Amino acid sequence: MKEHPNSPIFRDGNLLILAYDHGLEHGPVDFEPNPASADPENVFEVASHSAITAIAVQKGTAEAYYSDYENDVPLLLKLNGSSSLGERDDYYSPKQCTVEYAVEELGADAVGYTMYAGSDHEDEMWKEFREVQEEAREYDVPVVMWAYPRGHGIEHKDKYESDTDPDVIAYAARLGLELGADVVKCKYPGSKEDTEKVLRNTGEMKFVMSGGSKRSDEAFLNDVEATIEAGGNGLAVGRNIFQREDPEGVLDKLEGVIYE
Ligand code: FBP
């Protein structure tokens, strides 16, 4: 982990990433609850809220839209991704963009990479992450690891109930520290106590909670509060923001919860 004291993706040491790579990961179905969210311009407008410290998008979205919003919100370029259309033998998220292209051509302030630890393709993803991490150091931009343990290695081990088992999330988060991520993003393990258990393994690395599927303001904010009380640093969230027709209210509340 490297200190990035001047990086715009942090505010008081914490962060709120608006994730908007769902069109690639899940497809247009994620935009159906709020059809306006299919238009990237509408989501970039939402991202200008002062609570949000970065918007995470894929290369093509950044290329087409970011120049109009570069003064409104920092850019976190998601370097890899996988669709829900393919049938793979196990989870793999190929890299489609270099750090050099993200920073020099697209104006990225940070980069993100999904790591499916536990997949048969884990080794390949470690190699790609190594390239990403070392290149990010050259450009002095923070690296965010989407640490999502998945695949045969998890499913075949009796000791883990699922990929959201706090023990397996703790292991995935720890990989972020050991492989050199600056921020690790994990699924919410279910409680403040379980988040504390995960955070005992993350050292000085920043930890953010993944938003998950849309739920009520109260249920969502409770999870975020528990993450912050446990010592976490914020969240990276997509559907719980852009699937709301008027996300302003929940963003105002998040701002109060995440920052000092
Ligand atoms: P959400 O807040 O909507 O869960 O978004 C976070 C995120 O990591 C996105 O960046 C990504 O598209 C999605 O979740 C992947 O979700 P999954 O692989 O669990 O279906």
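Two exercises on the ligand and its pocket follow, each with a worked solution.

The model is predicted: local features need pLDDT of at least 70, side-chain atom pairs count only at pLDDT 80 or more, and totals for chains, interfaces and linings use all residues. Residues are numbered from 1 along each chain as its sequence is written, and side-chain values use heavy atoms, without hydrogens and water.

**Exercise 1.** Find which residues come nearest to the ligand, and list polar contacts to its oxygen atoms.

*Solution.*
- Step 1. Take the residues around the ligand (a heavy atom within 4 Å). There are 16. His26, Tyr148, Lys185, Lys187 and Arg239 come nearest.
- Step 2. Look for polar contacts (a pair of N or O atoms within 3.5 Å). A side-chain N or O atom of His26 is 2.6 Å from a ligand oxygen. The backbone takes part too: a backbone N or O atom of Gly238 lies 2.8 Å from a ligand oxygen, and a polar backbone atom of Gly211 is 3.4 Å from one.
- Step 3. Check the cover (Shrake-Rupley areas, 1.4 Å probe). The ligand alone exposes 480 Å². The protein buries 91% of that.

**Exercise 2.** Describe the largest pocket and what lines it.

*Solution.*
- Step 1. Define a pocket: an open set of points on a 1 Å grid over the protein atoms alone, where a 1.4 Å probe fits, with protein on both sides within 12 Å along at least five of seven lines.
- Step 2. Size it. The largest pocket holds about 510 Å³ of space.
- Step 3. Read the lining (residues with an atom within 4 Å of a point). It has 29 residues. Glu25, His26, Tyr116, Tyr148 and Arg150 lie nearest the pocket centre.

How values were computed:
Polar contact = N/O pair within 3.5 Å; in protein donor to acceptor, adjacent residues only side chain to side chain. Points joined across faces, edges and corners; volume = space filled by probe spheres on them.
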